[in-house]
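This report introduces a structure to a reader who has not met it before. The sequence and the model are shown first.

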Amino acid sequence: MIMAMRRSPSDAGRGVLLTYVQNSSSIGVDSICHYKGSAIRMIQMFEQNALSDVKHVIGVMSGKGGVGKSSVTALAAVALARRGHTVGIMDADITGPSIPKMFGVHGRLDASETGIFPAQTSRLRIRIVSLNLMLEQEDDPVVWRGPLLMGMIKRFWSEVNWGDIDYMLIDLPPGTGDVPLSVMQSVPLDGLIAVSSPQDVAALIVRKAINMTRMMDKRVIGLVENMSYITCPHCGEAVYPFGRPSGQEQAMGLGIPLIGEMPIDPELSAMADRGEVELYEHPIMESLADAISQAATGDAPTAEANRENR
Ligand SMILES: Nc1ncnc2c1ncn2[C@@H]1O[C@H](COP(=O)(O)OP(=O)(O)OP(=O)(O)O)[C@@H](O)[C@H]1O
Ligand SMILES: [Mg+2]
């Protein structure tokens, strides 16, 4: 059940957020456009909250679930925050939110008449908005259909008072459903990072996600191949449990740059489970921060380049 965050006497018994969600029917279909025979339902750009100034927005996507999107989102946020940037994370994986837990953020968000206020992580002051920070119980299931999910994303963008943010990262749900589609159409993305794993059925599934960005004319900054290898704890050599081809070959096949390969690292999952992802160190974090900064300064491959690379 969705609960109020801070209730005024006038809304006693009704959550501020619940009211926001119930108003979500305001999202309509503006037009239909066609791409290679597919009809795409287009909706308007969402209006940014009047008190927010978000300079750059990067989405993190994948073809299928469990490949490490939330981990990559968290590590990119940490890397950017360590460079002194003000960073926000919008946890757009409404039905499977995991960002707050990775950062050890609990409790419920505050809200006032001017909007919802993000939570902040304890070490790097990364601002987080997630539906899990709005539920009465963290394990309450969210059983919503598309329009409500989209309404929530709209509210995360329009009703949250993010303040000044240098980089906002959006952790998308896997696949090519309603939420990634709405975010790509309605939030001004500078680009997207694709996350895959080597067992991604010959990259077919991640290719669908990349093709979706091309339909939407969005820039893919690059690919992170997660769980590529394990470092042997005895000899230090990399072991490739899923064999080759490498992330480099996968990225080339997709026509996008490779940001890096991440090993399976029990330390990462242990830290994430303990809510201590802000303490994690790995060289790929620098590569993520570099790739995102370059995209923000217009120094990354454009949508046109991506198309030409197909
Ligand atoms: N490189 C890694 N090494 C060890 N564990 C990892 C690694 N990447 C991710 N994990 C673990 O795998 C699980 C899934 O990762 P994560 O939640 O980041 O994936 P996801 O793509 O966001 O999943 P979902 O689609 O369910 O949202 C988590 O428990 C995470 O800690
Ligand atoms: Mg996730």
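The sections below go from the whole chain to the sheet, the core, one loop residue and the ligand shell.

## Overall organisation

The model described here is predicted. Its protein chain contains ten helices and 14 strands. Of the 310 residues in the chain, 45% count as buried. Among the contacts in the protein chain with a separation of 6 or more, 79% are between residues 24 or more positions apart.

## The eight-stranded sheet

Eight strands form an open sheet with mixed pairing, in the order β7-β8-β4-β9-β3-β10-β11-β14. The edges are taken by β7 (119-120) and β14 (258-261); each has a single partner strand, so one side of each is left without a neighbour in the sheet. Helix α6 (residues 204-215) packs on the sheet, where it touches β3 (53-62), β10 (191-196) and β11 (220-225). The direction of α6 makes about 175 degrees with that of β10.

Several strand pairs can be followed in detail. Strands β4 (residues 87-91) and β8 (residues 127-130) run parallel and are joined by four bridges; glycine 88 stands opposite arginine 127 in β8. Strands β10 and β11 are also parallel, with five bridges between them, and alanine 194 has leucine 223 in β11 as its bridge partner. On to β14, β11 pairs in the parallel sense over three bridges, with valine 224 opposite glycine 260 in β14. Strand β11 is mostly covered, since six of its six residues are buried.

## The nonpolar core

The largest nonpolar core comprises 84 residues. Those with the most contacts inside this core are Ala76, Ala77, Ile170, Ile193, Ala194 and Ile292. Helix α2 gives the most to the core, contributing nine residues.

One of these core residues, isoleucine 170, touches Val57, Gly59, Val60, Met90, Ala92, Val183 and Val187, when residues up to four places away in sequence are not counted. Helix α5 (residues 178-186) is mostly covered, with seven of its nine residues buried. The buried residues in α5 are Val179, Pro180, Leu181, Ser182, Val183, Met184 and Ser186. Val183 therefore appears both among the contacts of isoleucine 170 and among the buried residues of α5.

## A loop residue: isoleucine 126

Isoleucine 126 is found in the loop between β7 and β8. Is isoleucine 126 buried or exposed? Isoleucine 126 is buried, because 28 other C-beta atoms lie within 10 Å, and 20 or more are enough for a residue to count as buried.

Leaving aside neighbours within four places in sequence, isoleucine 126 is in contact with Ala77, Ala81, Val87, Ile89, Phe103, Gln120 and Thr121. Ala77, in this list, is also one of the residues with the most contacts inside the largest nonpolar core. The C-alpha atoms of isoleucine 126 and glutamate 278 are separated by 9.6 Å, although these residues are 152 residues apart along the chain.

## The shell around ligand 1

Which residues come nearest to ligand 1? Of the 20 residues around ligand 1, the nearest are Gly65, Lys69, Ser70, Ser71 and Ser269. The elements that give two or more residues to this shell are α2 (69-82) and α8 (266-273). Helix α2 thus has a place in the ligand shell as well as in the largest nonpolar core.

By class, the shell consists of seven nonpolar, ten polar and three charged residues.

Notes: Residues numbered from 1 in each chain as written. Chains lettered and ligands numbered in written order. Predicted model: local features only at pLDDT ≥ 70, side-chain atom pairs only at ≥ 80, totals over all residues. Near = placed C-beta within 6 Å. Nonpolar A, V, L, I, M, F, W, Y, C, P; charged D, E, K, R; others polar. Pairing = 2+ DSSP bridges. Contact = placed C-beta atoms within 7 Å. Axes fitted to C-alpha atoms, helices over the stretch in contact; angles between N-to-C directions. Core = buried A, V, L, I, M, F, W, Y, C linked by C-beta atoms within 7 Å. Buried ≥ 20, exposed ≤ 12 C-beta atoms within 10 Å, placed from the backbone.
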